[in-house]
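Student: I would like a close look at a single part of this model, namely the aromatic pairing within one helix. Could you start there and then set that part among the other side-chain contacts?

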Amino acid sequence: MDESRIPADTRDNPFPQSQPASTALGLPLPYAPDTAHEAEVGREPLVAARSLTKRYGSLTAVNEADFDVYPAEFLGFLGPNGAGKTTLMKMIYGLVEPSEGTLHVFGREVREGARAIKARLGVVAQEDNLDPDLTVWDNLMIYARYFGIDRAAVAPRARELLDLMELTPRRDKEVNTLSGGMRRRLAIVRALLNQPELVILDEPTTGLDPQVRHLIWDRLLSLKEQGITFLITTHYMEEAESLCDRLHIMDEGRVIVSGTPRELIARHVGEYALELLAAPAMEQEIARRWPELERQRSGQRLYLYAEDRETLLPLIEELTGRETRLRPASVEDVFLKLTGRGIRE
Amino acid sequence: MNRGLLAVSHRFTSVWYRDTYVYAKRWKTNLLPPLLEPFIYLFGLGVGVGHFIDQIEGVDYLAYVAPGIVATTAILRATFECTYGSYFRMAFQGTFDSIISTPVNVEELSLGEIMWGATRSLINVVTVVALLFAIGVVPIAWILPVLALQFLAGINFGAMSLFVTSRVRQAEYFNFFLSGLIFPAQFLTGAFFPLDRLPELVQPIAWVIPLTSIIDLTRGMMLDRLGMHSLLELAYVLATTVIFLEIALRGMRRRLIG
């Protein structure tokens, strides 16, 4: 990242928060704090979902989801298509009403406090919904007005954010002339105008080239340093691993596991993975001789997992001449193990 | 939690501002084409058809038909804006979803759209009324009341249209509403000829359409023929406006919140 492109005052404190997010909470929460995450004990969550459920007729999009989002963390929701991630996000910002369960944001039940909640939220929706009738600058000015912030008050912040996202040269361009990457960055700028305490990003880098993705990740992490809490959904494991402090993996509407990326890898697959092409007969042979190894198959490919390299080395020797690949296990391994390798559509 | 009109705060003005701002950016292309239409009607009916009509209800045909053209201009603009215009912003641009992700709620968004539709009507009506004033068809004292009434007419039809918008799944369905209801309704409402030319059975139906009352009120102002019946008509227009607003706001909530 080229630090010199960010104005000095932005580097120091680009997004002054009037107060730390945690003290902005109102009344005590009407539920016991989630003690599953030891580091978080004693901190009130910004978002707390309990048995949160959304049904559309016979379809259950979100099924008794339980989770918390703590101040200043970067939390990721991973899941295959149709897992309920977007529905979950939309319940937080009020576009979808829960069918059952409770959802508190900033200590308020979403059905009661929608307006107050949204005043403190930033939202980057999955679909591009920038205003195509307006220029880049007017998009920001008009959007700020929805928050009751007038032009003069928001202009300095809008300029800083455009700088941060390297959009300043496009300021007066019509939105329709921007590339996909610029539009996404503008959507992020727009979501930050109201100095949100919590920013929801629904698949923020889908379809973008690697350069833009890295720029966005970099800027998001710098914003996190300022104390902003992020909630992100993504299909990209690399994105989840590089951005997120904690992950919730969803499948079929449920949050099936939660933890830091390292915890999840250690808990569900082990530290190392060995990939090889192997016919079923060979898999049986391996299973017989190394029954302790966790195995997974995807088509022709066999994945073997272990806590350390040494466990896998004899196997590699045995397989000399075959194409094998030994690598550290990743969140993708956890994801595929837990949600299966079948295609979801 | 409040629903419908009770859920509205001043924040609806930010949506109205957005639409007005976009219109003002391209005012030349936005203003001129739709303006030609009422002028062509005025010329075609007033001068062309009027040539064959001596007097109608005691006045020149131009003076008779002018209030009809003013009122139909008002309702048509608002109807277009709150059907195709709003639907486009809602379904293809994602504008509505982005707005209701902010502190602006669905009801305020909807009212902002309706008020914009009425404003756009008013812009066109002002130019038509200015021309009518220049040729001596509108008395100066009644200009402001006539404009205020057309703004109300814009809200009435804008709200009705936004309710329809909240129910349609494809823009093509607007053809039923516009070609099937709104356009033919103009001929039932006394815009171009007196209601007593309609079959007696149809006349009560004509009075159900708020446009009939709006036209009779506009004509009453422009020809100085207001009476007790005018108060009833105004009450009917106001009542239907409130009802349409309420169902439009509730319909949009059903549509936009999952």
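Tutor: In chain B, helix α3 spans residues 61-92 and holds both F88(B) and F92(B), which are four residues apart, or about one turn of the helix. This is a predicted model, and the values that follow are computed from it. The rings of F88(B) and F92(B) form an edge-to-face aromatic pair, with 5.3 Å from centre to centre and 65° between the planes; the pair counts as edge-to-face because its angle is over 60 degrees. As for their surroundings, F88(B) is partly exposed at a relative accessible area of 43%, whereas F92(B), at 55%, is exposed. Both phenylalanines belong to one aromatic cluster, in which they are joined by Y84(B), Y87(B) and F174(B).

Over all chains the structure holds 15 aromatic pairs. One of another geometry is formed by Y41(B) and F192(B), which are stacked, with 6.4 Å between the centres and 20° between the planes. Here Y41(B) lies in helix α2 (residues 27-48) of chain B and F192(B) in the loop between α7 (174-185) and α8 (203-208), so the pair ties together parts that are 151 residues apart in sequence. The two partners also sit in unlike settings, since Y41(B) is partly exposed with a relative accessible area of 39%, while F192(B) is buried with 8%.

Rings also meet charged groups in this model. The charged end of R219(B) is placed over the ring of Y64(B), 3.7 Å from its centre, and across the two chains R145(A) lies over the face of Y17(B), at 3.5 Å from the ring centre.

That last contact leads to the interface, to which chain A contributes 31 residues and chain B 30 residues. Between the two chains about 2,500 Å² is buried, and carbon and sulfur atoms give 51% of that area. Six salt bridges are counted between chain A and chain B, and R253(B) forms a salt bridge with E97(A), the closest N and O atoms being 3.9 Å apart. There are also 13 residue pairs in polar contact between the chains, both residues being at pLDDT 80 or more. On the side of chain A that touches chain B, β1 (47-56), α3 (114-119) and α4 (136-146) each supply at least two residues, and the largest share, five residues, comes from α4(A).

Charged pairs can be followed further, into a network of salt bridges that links D131(A) and D133(A) with R18(B), D19(B), E81(B), R89(B), E113(B) and R120(B). Over all chains the count comes to 37 salt bridges. Within chain A, D68(A) pairs with R50(A), their closest N and O atoms being 3.1 Å apart; D68(A) is in strand β2 (residues 59-69) and R50(A) in strand β1, 18 residues apart, and both residues are buried. Another salt bridge joins the side chains of R327(A) and E275(A) at 2.7 Å, N to O. Because R327(A) lies in strand β14 (residues 324-328) and E275(A) in strand β11 (residues 272-277), this pair ties together parts that are 52 residues apart in sequence. Both ends of it are buried, R327(A) with a relative accessible area of 13% and E275(A) with 8%.

How values were computed. Residues numbered from 1 in each chain as written. Chains lettered and ligands numbered in written order. Predicted model: local features only at pLDDT ≥ 70, side-chain atom pairs only at ≥ 80, totals over all residues. Heavy atoms only, no water. Phe/Tyr/Trp six-rings, centres within 6.5 Å; stacked < 30°, edge-to-face > 60°. Buried < 20%, exposed > 50% of the residue type's maximum accessible area, 1.4 Å probe, protein only. Lys NZ or Arg CZ within 6 Å of the ring centre and 35° of its normal. Contact = heavy atoms within 4.5 Å. Buried area = accessible area lost by both parts, 1.4 Å probe. Salt bridge = Lys/Arg side-chain N within 4 Å of Asp/Glu carboxyl O. Polar contact = N/O pair within 3.5 Å; in protein donor to acceptor, adjacent residues only side chain to side chain.
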